Amino acid sequence: LVDAAVYRIAQESITNAIRHARHASRVSISVVGHDERVELTVSDDGTAASAPSSDTTGYGLLGMDERAKLLGGTVTSGPSAGGGWSVVATLPKAGVHA
């Protein structure tokens with residue numbers, strides 16, 4: 001379940017970068033395994049759209065958050081310090097904390 005969640009969160013993060021990051025020239029993905037958790041980071045170097053487009057009706061960030069919470073993990077997202085946008089998901093390797 002955790003591997004599928006990492007994949008789906010990465011997929012949604014890339015989709016969001018394609019749809020919403022203006023002037024992005026790079027999207028990077030990092031997956032790091034620790035003893036008890038996996039950390040996924042997806043970042044872009046674009047600028048956020050000034051206003052949501054009228055055809056934006058998705059629940060991407062909410063869906064990523066819910067997917068992580070079901071496994072006992074977290075997702076944070078927002079502007080990166082050096083510009084762009086980052087999504088960081090931290091998931092326990094076992095799925096749910098006992």
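**Entry 1: buried share and overall layout**

I started with burial: 32% of the chain's 98 residues count as buried. I noted straight away that this is a predicted model. For the surface, I found an accessible area of about 6300 Å², and 55% of that area belongs to carbon and sulfur atoms.

Next I looked up the secondary structure, which comes to two helices and six strands. Along the sequence I read the pattern α-β-β-β-β-α-β-β. I also checked how far apart the touching residues are in the sequence. Among contacts in the chain with a separation of 6 or more, 58% are between residues 24 or more positions apart.

**Entry 2: the nonpolar core**

Which residues have the most contacts inside the largest nonpolar core? I found V6, I9, L40, V75 and L91, in a core of 15 residues. Then I asked which elements give two or more residues to this core. They are α1 (2-20), β3 (37-44), α2 (60-70) and β6 (85-92). Of these, α1 gives the most, with five residues. My textbook reminder for this page: in soluble globular proteins, nonpolar side chains tend to be buried together.

I picked L91 for a closer look. Leaving out residues up to four places away in sequence, L91 touches V2, A5, V6, E36, R37, V38, A68 and G73.

**Entry 3: strands around β6**

Which way do β3 and β6 run, parallel or antiparallel? They run antiparallel, and eight bridges join them. I traced one of the core residues here: L40 has A89 in β6 as its bridge partner.

I then moved to β5 (residues 74-79), which pairs with β6 over six bridges, also in the antiparallel sense. Here V75 stands opposite A89, and T76 has V88 as its bridge partner in β6. So that I can follow the side chains by eye, I wrote down a rule: in a regular strand they alternate between the two faces of the sheet.

The hairpin of β5 and β6 has five residues between the strands. In this hairpin I found G83 with a positive phi near 105°.

**Entry 4: two serines that are buried**

I looked at S86, which is in strand β6. Is S86 buried or exposed? S86 counts as buried because its relative accessible area is 17%, which is under the 20% cut-off. Its side chain makes a polar contact of 2.6 Å with the side chain of S80. Apart from neighbours within four places in sequence, S86 is in contact with V42, S43, T76, S77, G78 and S80.

That list sent me to S43, in strand β3. S43 is buried too, since its relative accessibility is 15%. With neighbours within four places left aside, its contacts are R26, V27, S28, W85 and S86.

**Entry 5: the two sides of α2**

Which residues of α2 are buried? They are G60, M64, D65 and A68. Around the axis they cover an arc of only 135°, so they are on the same side of α2. On the other side of α2, I found K69 and L70 exposed. I also checked what covers the buried residues of α2, and the cover includes α1, β5 and β6. A68 was already in my notes as one of the residues that L91 touches.

Just following the helix, I came to G72, whose phi is positive, near 85°.

**Entry 6: a positive phi outside glycine**

My last stop was H23, in the loop between β1 (21-22) and β2 (27-33). What is the phi of H23? It is near 60°, a positive value in a residue other than glycine. I marked this page with a star because most residues other than glycine have a negative phi. H23 counts as exposed because its relative accessible area is 73%, and the cut-off for exposed is over 50%.

Definitions and conventions
Residues numbered from 1 in each chain as written. Predicted model: local features only at pLDDT ≥ 70, side-chain atom pairs only at ≥ 80, totals over all residues. Heavy atoms only, no water. Core = buried A, V, L, I, M, F, W, Y, C linked by side-chain atoms within 4.5 Å. Buried < 20%, exposed > 50% of the residue type's maximum accessible area, 1.4 Å probe, protein only. Helix = DSSP H or I, 4+ residues; strand = E, 2+ residues; numbered from the N terminus. Contact = heavy atoms within 4.5 Å. Pairing = 2+ DSSP bridges. Polar contact = N/O pair within 3.5 Å; in protein donor to acceptor, adjacent residues only side chain to side chain. Areas by Shrake-Rupley, 256 points an atom, 1.4 Å probe, with all protein chains shown as cover. Arc of directions from axis to C-beta.
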